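Open the model in a viewer and keep the selection tool ready. The stops below go from one selection to the next.

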Amino acid sequence: MPETLDNPEVPVPEELKGQVKITTLDRIYNWGRRSSVWPMMFGLACCGIEMIAAAASRYDLARFGMEIMRPSPRQTDLIIVSGTVTKKMLPQIIRLYNQMPEPKYVVAMGACACGGGPFKEGYSVVSGIDKFLPVDVYIPGCPPTPQALLHGLITLQKKIDKQSIRKVKWYQKHESREVPVPLLGPDLIDPRDFPELEECEPSES
Amino acid sequence: MQSGAEGACVIQGTGHGMSEPSKQIIHDAVETLTSRFTDSVKPDERQGYSGLLVDPQKLVEFATVLRDELGYDYLSSVTGVDYLPDGMMEVVYHAYRTAGGAALVFKAQTPREDAVVPSLVPIYPGADLQEREAWDLFGIHFAEHPDLRRILTWEGFHGHPLRKDWKEAYFEEDAKPFDIRWPDGKAIRVEDSTQYRKNVSYPSEFTLDGWVPEGDTLLYAGMGDVQASDGNGDDIATDTIIVNLGPQHPSTHGVFRMVAELDGETIVDLKPVMGYLHRNHEKIGERNTFLMNMPFTDRLDYICSMGNNFGYALAVEQLMGIRPPERAEYIRVMMAELTRILNHIWAIGFLLNDLGAYFTPALYVIKERELILDIFEAVSGSRMMCNYFRFGGVARDLPEGVIEKVHDLVYERLPRHLDELDAYLVQNEIVRARLIDVGVLPAEQAIAYSAAGPVLRASGVPYDVRRADPYSIYDRFDFDVAMRPNGDSYDRFLIRLDEAHQSLRILRQVLRDIPEGEIQTGKPRHQVRVPAGESYGRVENPKGELGYYVVSNGTPNPWRYHVRATSFINLSALGEMCKGHKVADVVAILGSLDIVLGEVDR
């Protein structure tokens, strides 16, 4: 266990120092979670390749407890949106996110996932996954180097460290709401826009 | 830089110069065709254009003669061009002989409104996906096409986006920089200027009332309603079922989807579904200036950015009529061959991954790949998206120490690594059991389906653009065109090792011969003048023939910018290859094809 886990204000008898640690519930809880963040094996585009490179021997994500990439959303804590989010793919991404169990985190990796990137002007590109999912960490770059990805993930760990078991949303009484899955019509249709869409006089672009 | 009206040669070769026999063959073919079809075929005489204009009525007949009598058995590229000012659509075909030689280009013109051209799928099955793409993006209807559905966008999408009068939501202008973003030199966010602020456009007549998403009805049509066994005799009556693999699936190497119709574990039918990474490369490319497209080419086949740069640089240099200096040529070849090795070891590693050797072989190859990426980073500043080639040269000279590093890789490290892969994998019992006789693609089929690169050569067709129609300085190097006879997944795996060895051979010659000198013809410029005309630059990329069809009308932007994407076209044969195999084999077959979704969907 890292030293930071100890709460130095609580004295531990000398003879028990090897066996006993005293800490807060939040710290031990967060320490467990931040040290085993399992990302989804989910590569969208170019950034996915750098994500693989980050998982490989030179950059070695395993040092952070993140080497277990699961293709099934049911077994993951983190979705790294690694690449361009297209309108055709978006419903699938939202479904994947909805299927992940809490606690779950979203990392937007690369310029495209952060804001559309070089392909932002595209008729088929969503300019940023944050239009639909709550992003925890943005990693700029096209693609971000593995070092940048590691930095982003360390940032995520820091964020996890700051969470408190009393306040986190997945222990709150109200049920967590799913993100509504967009529809593919003449263009992308966001169900959250329905009232607005019904009201507006539709016009070309 | 020279302004190159002379760059537009009458008959198109993809290399910078065409050999005499090659010229003669094309000349004879053109003679035969024009005399056979006196009224319906004529040479394309527009300034800077080449090839033949064929009357759509006669297109099928023309293509049959071309394939059966003249030996142009390989239809490489099919694409559309929207000539809005002339009110017509043009479908451009590039056909080759697998015996080698330059392209025979032919075109069919049809009015923009109600654009119809007969489908060439019965003659060249490889046109299947490409015609669907032209239908999807241009709205050109291919009569008699067996399965004309949208391919890159989705069913129900509004309009055909590559038509010149189809304006992109919020980015309506024809060229960059977009005024909308810089009124009076002050940046505004386009999202704030629009109704829904989400980069979408709905047609004027669209309302939510009574609207039903089209979904996958058309895709599933004709699948899954087959009774596999009627229960007579000893069998139990069974139906086939439809199973979707992807778009989120670890074996698809990205966001690719396959719809398989299964009888038990056996594949009855399989349809590839793509477009999940379609990011309208071409529409953006037509609004970019010529040089602005260079970094976009990196993001096509994002494993092999250097190779992508190469093809695009060749296409534009052909139009401009310039050639890079000697040293730049050698640097280009060096980078292209390093890319090839990188891609092939990566492909092998991930093929093994697909076979269930979870990540171990991949870790070994990624280790070596990193060393090659170090070289790319040293020369271009970026590991993956190199953006290194320029028209008439390369962006910068090799920094100090790179040659020594490449030397060390080529003579020491990489041969050892290839031998290691050889020793551990080639005779491995599981690899052999999973790959031999799986996904066999016979030579005739490989040609008919326009398969390219290692896929074609593993089927016993020794066709390599570097040899068949040499570009750059590939005619100087001594190397063998790798070829394997069986066309199964095992051969497609072995041929990648063979080719990596040949690349090492080329690299040794490059290291021996690379001269000192300039790396750029003329002054490097951001804005190049490209004379009007068309060109097709093709290179043997690691995954196969990568072609760029560029039409310029003399403005700073290309009028048409099309990528002949190997990964995309290699998928034409996937359904055929998978039929009769088990579900687990599909993964192996797809892995042995080695696709990259950035290139499939563009």
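Select chain B and chain A together and look at where they meet: in this predicted model, 18 residue pairs are in polar contact between the two chains, both residues at pLDDT 80 or more. Now select α5 (281-287), α8 (326-355) and α9 (360-380) of chain B; each of these supplies at least two residues of the side of chain B that touches chain A. α9(B) gives the largest share of that side, seven residues. Colour the side of chain B that touches chain A by residue type, and it divides into 37 nonpolar, 14 polar and 15 charged residues.

Widen the selection to the whole contact, which takes 66 residues from chain B and 58 residues from chain A. About 5800 Å² is buried between chain B and chain A, with 62% of it on carbon and sulfur atoms. How many salt bridges are there between chain B and chain A? The count is four. To see a salt bridge, show the side chains of Arg58(A) and Glu370(B), which meet at 3.3 Å, N to O.

Next, leave the contact and select strand β3 (residues 74-83) of chain B. Ten of its ten residues are buried, so the strand is largely enclosed by the rest of the structure. Add strand β4 (residues 88-96) of chain B: β3(B) and β4(B) pair in the antiparallel sense over nine bridges. Within this pairing, Gly80(B) stands opposite Val91(B) of β4(B). The hairpin of β3(B) and β4(B) has four residues between the strands, and in this hairpin Gly87(B) takes a positive phi near 70 degrees.

Move on to strand β15 (residues 533-541) of chain B. Why is β15(B) largely enclosed by the rest of the structure? It is because nine of the nine residues of this strand are buried. Show the side chains: Gly533(B), Ser535(B), Gly537(B), Val539(B) and Asn541(B) point one way from β15(B), while Glu534(B), Tyr536(B), Arg538(B) and Glu540(B) point the other way. Add strand β16 (residues 544-552) of chain B, which pairs with β15(B) in the antiparallel sense over nine bridges. A hairpin of two residues joins β15(B) to β16(B). Pick Glu540(B) to find its bridge partner in β16(B), Glu545(B).

For the last stop, select helix α18 (residues 583-593) of chain B, where nine of the eleven residues are buried. Among the buried residues of α18(B) are Asp585(B), Ile589(B) and Leu593(B). Step past the end of α18(B) to Asp594(B), whose phi is positive, near 60 degrees.

Terms used. Residues numbered from 1 in each chain as written. Chains lettered and ligands numbered in written order. Heavy atoms only, no water. Contact = heavy atoms within 4.5 Å. Buried area = accessible area lost by both parts, 1.4 Å probe. Polar contact = N/O pair within 3.5 Å; in protein donor to acceptor, adjacent residues only side chain to side chain. Nonpolar A, V, L, I, M, F, W, Y, C, P; charged D, E, K, R; others polar. Buried < 20%, exposed > 50% of the residue type's maximum accessible area, 1.4 Å probe, protein only. Pairing = 2+ DSSP bridges.
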